[in-house]
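Student: Hi! Could we walk through this model together, starting with one residue and working outwards?
Tutor: Happy to; have a look at it first.

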Amino acid sequence: MSAPVKDIQTAVDGEFVKPPLGKRLVGANTFWIALVLIALIAVFTALAPGEFATLFTFQTLLIETSVLLVLSVGMTFVIITSGIDLSVGSVLIFSGMVAGKTMEALSGGDASHAGWGVITAGLVAAVLAGTIWGLINGFLIAVARIPPLIVTLGTMGAALGASYLLNNGSDVRSVPTELNKTLGYGTSFGGIPNLVLVAVVITLIGAWLLHTTRFGRYTFAVGSNAEAARRSGIGVTAHLLKVYLLTGFLAGIAGFMSLAYYASTTISAHTNDNLNSISATVMGGTSLFGGIGSMLGTVIGVFIPAVLRKGFNITHVQDYWQYIAVGAVLIAAVWFDQRHRRKRNSR
């Protein structure tokens, strides 16, 4: 359920009490977007019961959404602060490229047979690369006070260009077989993909950080009213710097996950990841105006395009319809958020 800084309260006999649970649930963006997801699953299950509603299909869905989910966890924090980050897709590519080149350099040019020492070095390199871009974004936005749209539009191009320069415009394809076999396609606990486990752990940590810690409360406060947050003693500049740093850090992890899964940097496959993560976060009920959002909503928002894509492929519907359907859901989500916000502000 979307989580504003304070629960909506109603005055009754001089005391403030929360509205009934049912009313709060129905009024939440996440509730309605969850119904959309359930409806999509039901429709595709009815249209292709023997193909869509299978363990293999859902396992594939989980794997395909893992990298995007990690990106969207960071994007949730950014959008709740009323910001935006258009660079996460390029930072993912750059981080994967740095990891690949690092592992190659430590293996004499061919990292295919590299061990876990080299793989660990690649992971550290990817995380550092993503974190540095996050630091650049955070400094320019929080300290230099340049609008997030302009900053991240610039770093989106810069990170992508740097990625091409690192390997002369080509993908890195020399990836350790052990990494691909273990993290990319390996499973644990009776068949759960390791890639999915990593995404679940990161999402749970993100949910804990957002909904139960001071960091999360400050994130909502800054997005609701940055000036009021500053006057109440919150270090808005420092907090925004941390939020963009976190987003870059997660983009670095996502880049390494992608490298493990595809056994290549696959530059062309990630050019729209920035827009996909923004769309998923907003579809999940996080307000573009800041101050409202939830990690559960983001998870639901990530799965809607994935379910549409998988369902259309199974039912042999042209992929182009997916873009129309996702666009319609995205516009509806923003409209619902605006309507809900106007209603709340008119009270």
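**A serine and its surroundings**

Tutor: Let's begin with Ser72, which lies in helix H3. Keep in mind that this is a predicted model.

Student: Is Ser72 buried or exposed?

Tutor: Ser72 counts as buried because its relative accessible area is 0%, and the cut-off for buried is under 20%.

Student: Which residues does Ser72 touch, leaving out those up to four places away in sequence?

Tutor: Its contacts are Ser277, Ala280, Thr281, Thr298 and Val302. Ser277, Ala280 and Thr281 also appear in the contact of H3 with H12, while Thr298 and Val302 appear in the contact of H3 with H13.

Student: Nice, let's take H12 then. At what angle do H3 and H12 pack?

Tutor: The angle is about 65 degrees, and the axes of H3 and H12 are 9 Å apart. H3 passes H12 in a right-handed crossing.

Student: Which residues of H3 meet H12?

Tutor: From H3 come Leu68, Leu71, Ser72, Met75, Thr76 and Ile79. On the H12 side they meet Asp273, Asn274, Asn276, Ser277, Ile278, Ala280, Thr281 and Val282. By class, this contact has 7 nonpolar, 6 polar and 1 charged residues.

Student: And how many residues of H12 are buried?

Tutor: The count is 9 of 11, so H12 is mostly covered, going by the cut-off of under 20% relative accessible area. Among the buried ones are Asp273, Asn274, Ser277 and Met283.

Student: What follows H12?

Tutor: Gly285 does, and its phi is positive, near 105 degrees.

Student: Back to H3. How do H3 and H13 pack?

Tutor: Their angle is about 140 degrees, with the axes 9 Å apart. Here again the crossing is right-handed, with H3 passing H13.

Student: Which residues in H3 and H13 meet?

Tutor: The H3 side includes Thr57, Glu64, Leu68, Ser72 and Phe77. The H13 side includes Met295, Thr298, Val302, Arg309 and Ile314. Sorted by class, the contact of H3 with H13 has 13 nonpolar, 6 polar and 3 charged residues.

Student: Switching to empty space: what volume does the largest pocket have?

Tutor: About 840 Å³. It is lined by 27 residues, and the closest to its centre are Ala269, Asp273, Asn276, Arg309 and Gln322. We have met Asp273 and Asn276 already in the contact of H3 with H12, and Arg309 in the contact of H3 with H13.

Student: Which elements give two or more residues to that lining?

Tutor: Helices H3 (55-80), H11 (236-262), H12 (273-283), H13 (295-314) and H14 (320-345) do.

Student: What classes do the residues of the pocket lining fall into?

Tutor: They divide into 14 nonpolar, 9 polar and 4 charged.

Student: How many cavities of 30 Å³ or more are there?

Tutor: There are 2. The largest cavity holds about 40 Å³ of space. Of its 10 lining residues, Val282, Thr286, Ala333, Val334 and Asp337 are the closest to its centre. H14 gives the largest share of that lining, 3 residues. As for class, the lining divides into 5 nonpolar, 4 polar and 1 charged.

Student: What lines the second largest cavity?

Tutor: Its volume is about 30 Å³, and the lining residues include Leu92, Ile93, Gly255, Ser258 and His270. H4 (88-106) and H11 are the elements that give two or more residues, and H4 gives the most, with 4. This lining has 4 nonpolar, 6 polar and no charged residues.

Student: Last topic, loops. What is phi of Ala263?

Tutor: Near 55 degrees, a positive value in a residue other than glycine. Ala263 sits in the loop between H11 and H12. It is partly exposed, with a relative accessible area of 25%.

Student: And where is His316?

Tutor: In the loop between H13 and H14. Phi of His316 is positive too, near 60 degrees, and this is again a residue other than glycine. His316 counts as exposed because its relative accessibility is 72%, and the cut-off for exposed is over 50%.

Student: How many residues separate His316 from Phe58 in sequence?

Tutor: They are 258 residues apart in sequence, and 18 Å apart in space, C-alpha to C-alpha.

How values were computed:
Residues are numbered from 1 along each chain as its sequence is written. This is a predicted model: local features need pLDDT of at least 70, side-chain atom pairs count only at pLDDT 80 or more; totals for chains, interfaces and linings use all residues. Side-chain values use heavy atoms; hydrogens and water are left out. On a 1 Å grid over the protein atoms alone, a cavity is a set of points where a 1.4 Å probe fits but cannot get out, and a pocket is an open set with protein on both sides within 12 Å along at least five of seven lines; lining residues have an atom within 4 Å of a point. Grid points are joined across faces, edges and corners, and a volume is the space filled by probe spheres set on the points. Ala, Val, Leu, Ile, Met, Phe, Trp, Tyr, Cys and Pro count as nonpolar, Asp, Glu, Lys and Arg as charged, and the others, Gly among them, as polar. Buried means under 20% relative accessible area, exposed over 50%, partly exposed in between (1.4 Å probe, protein chains only). Contact means heavy atoms within 4.5 Å. Axes are lines fitted to C-alpha atoms, for helices over the stretch in contact, and angles run from 0 to 180 degrees between N-to-C directions. A crossing is left-handed if the near helix is turned anticlockwise from the far one by less than a right angle, and right-handed if clockwise.
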